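Visitor: Could you take me through one part of this structure in detail? I would like to start with a helix pair and then see what else can be said.

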Amino acid sequence: MPSLFEEYQVCKNLTLKNRLAMTPMGNACLNPDGSYSDRQIDFYEERAKGGFGLLFPSCSVTNTDFEDNPPPNVLKNYAQSVRVGLLADRMHMYGTKLCVQLSCGLGRVSSGSPIIPPHSPSPSRSYWFPDLETIPFTTDEVRRLIRDFGLAAKYAKSAGADAVEIHAYGGYLIDQFISPDWNQRNDEFGGTFDKRLRIVSDIRDEVIKQCGKDFPLFIKMTPEYCWKTGGRTLDEGIRIAKEFDQMGFDVIHIEQGTYENWYLSVPTIYQAEGYNLYMARALKEAGIKTPLMGQGKLNRPEMAKQVIESGVLDILGMGHQCFADPEWPNKVYDGRDDEIIPCIGCNECIKAGTTKKNTRCAVNPRAVDEKRFTLTPAKKPLDVLVVGGGPGGVEAAQIAKERGFQVELWEKTDKLGGIFRAAGVPEFKHEIPWYIDAITRRLEHSGVKIVYNQEATAENIIARAPDAVIMAYGAESVVPPVPGIQNNPKVIPAPQLLLNGGCDGQKVVVLGAGDVGCETAMHLVDLGKDVTIVELADHALANSTTALNQHLALRDLFETYQDRLTEKYSSKLIQVNEDTLAIEHETGETETLTYDVLVLAAGFRPDRTLAKSIAGKVGKVICIGNTLKQGMVIDAVHGGFHAARLLEDLRDILC
């Protein structure tokens, strides 16, 4: 029976120390010429050190003639090849093998320019800029793409890479050639099933020509798109996989979805664990002999082991979990499962790249800044008080303790996690309780003095007289100025309702259809409540600021609930009575709703009154997270990390 940590011979010239791979992910911190930067290489080295047997850096495009602002990275010349060599050397120091994923480009999903049409196999709508129609490649241009792909593979091999992978999945350019949804060509690269696959067989031949027939070659493909209407079916995907099986690839790497449902290609908190495994089982049952590699929320050690032991996958890939905890393999190998910091599926790492910012991880502030954000010993022994045990407060206390400060944390309840615990109550968000359990264990074992059920006041903070206070007590739910809403026992903020596990009464009105409102409404429907949503905008999730794939996932999940709840859009609450609510529609008409409970999900408002009341009466006072400004968990965790990392150099931060 295979096992996760056994040595695995993939093919004649590639043996891995274990069956764990870090999968390719976008990393926006590249050099200006598209080569791997020192920050990227440091990031990958930390994951090799963490125990992964195989590592894929960010995908590299092999031709930049047809796309403005290609994604990271680029591999088409000697200088870029040298950087691959530096990366390979770092990987090999830890016994980790390097596979460079190569791509011909993005095609219709290029986000480079809103005015320059991207190229693709046939005329189609640009995904990001629907007003643009793509320009079809000429036959000679396709041959140039194939030639450049082979040269890039040669650069990778000569630099020390152990394998290359053809990026032929997810609705990207090569997959656009494979799919009849985007390929209506009538030359040698389109028109029939075999001709649509011609680009893949020609790329394979070009790689063999440049690198030799024994150089390991993988291919990544999408067996099923899972669109609501049309798209590639699993039967068609199996047919494609059988062709790849005959082409002699050393590994078939599988993934689901396209940009139309991006959350299946890049999963979010809303996808179930192991949601991709059915495709691997189907390919195995169809007789595919080529080793299979897959991923898709396989982060729990018991699941990862079972997937390999059962033979569903031959190599198990991890993506965003590698951002959250680079030491996952070593921790599991050593039996330290309870020390894993799990990925929470928030996709802030994706959001950073799509908003032109440096790649970041919400729960690991050191990610992609491994060398820049090293911790230094405390310059002087400060007494630090942290107020609030949410993710930001826990991070601040942990880092302050690691640096050598005396640290005490006050939490007003009997549990850590703060308001973030409410986010993990719905059944479809099970990573959050795992994360809260993990950071709780980490802090309890750190030596930080944790005082539960301790309400912070100006008087008791001043009496304690700490050298520094990190204020992480969060924000208050917004209560709109509506007659009858204040001090009403039937009105409850969404976080409080979630932490209470639900509410009495059958008829529940949720005020607000943002992320929190929609999640709360779905949870209440699951509890069997009659739910009505009232929202000022004209549709749900109108002002969502989450990552695009996260937004798409929640939108599509919410749609599955819409026939089980009532929605009132372009409407505002104008009066709350004992048993009824009055709302006003955009037309000026009013409507009366009966209710048992009114749930507030209209946002949060920071309250820095406590922080300002102690300023100048104790040591420095630093506000972080929602105490400073309404934000996401990434703002809280990173705020806590940097407050503790830079503590001696900071003055009061009150606004």
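Visitor: Which residues in α14 meet which residues in α16?

Guide: Happy to help. This is a predicted model, where local features need pLDDT of at least 70, side-chain atom pairs count only at pLDDT 80 or more, and totals for chains, interfaces and linings use all residues. Residues are numbered from 1 along each chain as its sequence is written, and side-chain values use heavy atoms, with hydrogens and water left out.

On the α14 side, Pro391, Val394, Glu395, Ala397, Gln398, Ile399 and Glu402 meet Tyr435, Ile439, Arg442 and Leu443 of α16; contact here means heavy atoms within 4.5 Å. Helices (H or I, at least four residues) and strands (E, at least two) are DSSP runs, numbered from the N terminus. Helix α14 covers residues 391-403 and helix α16 residues 431-444; their axes come within 10 Å and cross at roughly 30 degrees. Those axes are lines fitted to C-alpha atoms, for helices over the stretch in contact, with angles from 0 to 180 degrees between N-to-C directions. The two helices are therefore roughly parallel to each other, a label for angles under 35 degrees. The crossing of α14 past α16 is left-handed, which is to say that the near helix is turned anticlockwise from the far one by less than a right angle.

Now to the strands. Strand β14 (residues 383-387) runs parallel to β17, joined by 4 bridges; strands count as paired if DSSP finds at least two bridges between them. Leu385 stands opposite Val469 in β17. Strand β17 also pairs with β28 (residues 620-623), again in the parallel sense and over 4 bridges, and there Ala468 has Lys620 as its bridge partner. Within β17 (residues 468-471), Ala468 and Ile470 point one way, Val469 and Met471 the other, and all are buried, meaning under 20% relative accessible area with a 1.4 Å probe, protein chains only.

There is also an open sheet of 5 strands, ordered β19-β26-β20-β21-β22, with parallel pairing. Its edge strands, β19 (491-493) and β22 (566-568), each pair on one side only. Neighbouring strands in this sheet are turned by 25 degrees against each other on average, direction ignored. Strand β19 pairs with β26 (residues 597-600) over 3 bridges, and Ile492 has Val599 as its bridge partner in β26. Helix α19 (residues 515-526) lies across β20, β21 and β26, running at about 165 degrees to β21.

How values were computed. Buried means under 20% relative accessible area, exposed over 50%, partly exposed in between (1.4 Å probe, protein chains only). Angles under 35 degrees count as roughly parallel, over 145 as roughly antiparallel, 65 to 115 as roughly perpendicular and the rest as oblique.
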